[in-house]
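Me: I'd like a close look at one part of this protein rather than a general tour. Could you take me through it strand by strand and ring by ring?

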Amino acid sequence: ALSCAKIGGVNLIPHYMKRLFTALFLFSAMSMPAMAFDFQAAENLELGGQYNDDLYVVGGNTVVNGDIAGDLYIAGGQVIVNGRVLEDLVVAGGKVTVNGEVLGDVRATGGQVFVYANVGDDVLVGGGQVDIGKDSVIGGTVLAAAGVLTMEGVVNEDVRGVVGGLILNGHVLGDVILTIEDSVQFGVGAKVDGDFNYSSIL
């Protein structure tokens with residue numbers, strides 16, 4: 001579970017937002033269709049190769065290097081996804097790093113969540129620290145509940161949500177619509193093609 005501590009004086013996501021993303025993960029993981037899937041569980045896991053069905057993983061420290069033809073569901077402490085996911089990635093962990101391309105949605109919750117890869121559709125993310133890397137292209141919308149959201153990549157649609165602080169140094173082709181508790185910082189690479197609307201948490 002995420003704590004309500006502060007990072008650099010910024011309160012982390014409100015309790016109700018943590019519950020929302022936890023419920024989202026559990027609902028996604030439990031509503032699997034009646035079809036073949038793979039399941040892996042261990043304290044330390046490093047998974048390679050090709051998985052032709054959905055893959056469910058529970059581990060303390062987990063590294064996924066293999067490609068997943070279906071959805072990938074992971075619950076763990078430290079999670080690193082290097083492989084390519086052809087459908088959705090749903091992940092909950094203490095520290096989550098996504099280096100491999102995801103063709104569907106990314107739904108992630110963690111103390112720290114780093115998305116450094118291309119995502120075909122939406123990114124729904126909750127965390128104390130959330131980074132969208134400078135080389136990432138997000139095909140849909142970023143919906144975030146974060147202590148600090150750093151946005152350096154390209155988002156083809158909108159950036160929406162509730163954050164403690166925003167660091168924007170990327171390109172948003174749609175709108176930015178956020179509730180921001182603390183501060184907004186713009187880098188030299190910041191560009192918003194649509195509207196930039198934010199409200200403060202009093």
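What follows starts with strand 5 and its neighbours, then moves out to other parts of the chain.

Reply: Happy to. One caution before anything else: this is a predicted model, so read every value below as computed from that prediction.

A bit of background helps to place the strand. The protein has 202 residues, and 47% of them count as buried. Its secondary structure comes to 1 helix and 19 strands. Among contacts between residues at least 6 apart in sequence, 10% join residues at least 24 apart. About 9,100 Å² of the protein is exposed, with carbon and sulfur atoms supplying 53% of that area.

Now to strand 5, which covers residues 54-64. What covers so much of a strand like this is a fair thing to wonder about, but start with the count: 8 of its 11 residues are buried, so the strand is mostly covered. Strand 5 pairs with strand 3 (residues 37-47) in the parallel sense, over 10 bridges. To pick out one of those contacts on your screen, find Gln-40, whose bridge partner in strand 5 is Val-57. Strand 5 also runs parallel to strand 7 (residues 72-81), and 9 bridges join the two. A handy marker here is Val-64, which has Val-81 as its bridge partner in strand 7. As a reminder, strands of a sheet pair through backbone hydrogen bonds, either parallel or antiparallel.

The side chains add another link between strands 5 and 7. The structure holds 4 aromatic pairs, and one of them is made by Tyr-56 and Tyr-73. The two rings are stacked, at 4.5 Å centre to centre with 5° between the planes. Because Tyr-56 lies in strand 5 and Tyr-73 in strand 7, the pair ties together parts that are 17 residues apart in sequence. Are these two tyrosines buried or exposed? Tyr-56 has a relative accessibility of 7% and counts as buried, and Tyr-73 is buried too, at 8%.

Another stacked pair is worth setting beside that one. Phe-114 and Tyr-116 have ring centres 5.9 Å apart and planes at 5°, so they count as stacked. Here the burial is split: Phe-114 is buried at 8% relative accessibility, whereas Tyr-116, at 40%, is partly exposed. There is also an aromatic cluster, made up of Phe-186, Phe-196 and Tyr-198.

Further along the chain, have a look at Thr-150, which sits in strand 12 (residues 142-151). Thr-150 has a relative accessible area of 14%, and it counts as buried because the cut-off is under 20%. Leaving out residues up to four places away in sequence, Thr-150 touches Val-130, Asp-131, Ile-132 and Ile-167.

Last, a separate set of strands for comparison. An open sheet is formed by 4 strands with parallel pairing, in the order 11-13-15-18. Strand 11 (137-138) and strand 18 (191-192) stand at its edges with a single partner strand each, so one side of each has no neighbour in the sheet. Inside that order, strand 13 (residues 154-155) and strand 15 (residues 171-172) pair in the parallel sense over 2 bridges. To find the spot, go to Val-155, whose bridge partner in strand 15 is Val-172.

Methods:
Residues numbered from 1 in each chain as written. Predicted model: local features only at pLDDT ≥ 70, side-chain atom pairs only at ≥ 80, totals over all residues. Heavy atoms only, no water. Buried < 20%, exposed > 50% of the residue type's maximum accessible area, 1.4 Å probe, protein only. Contact = heavy atoms within 4.5 Å. Areas by Shrake-Rupley, 256 points an atom, 1.4 Å probe, with all protein chains shown as cover. Pairing = 2+ DSSP bridges. Phe/Tyr/Trp six-rings, centres within 6.5 Å; stacked < 30°, edge-to-face > 60°.
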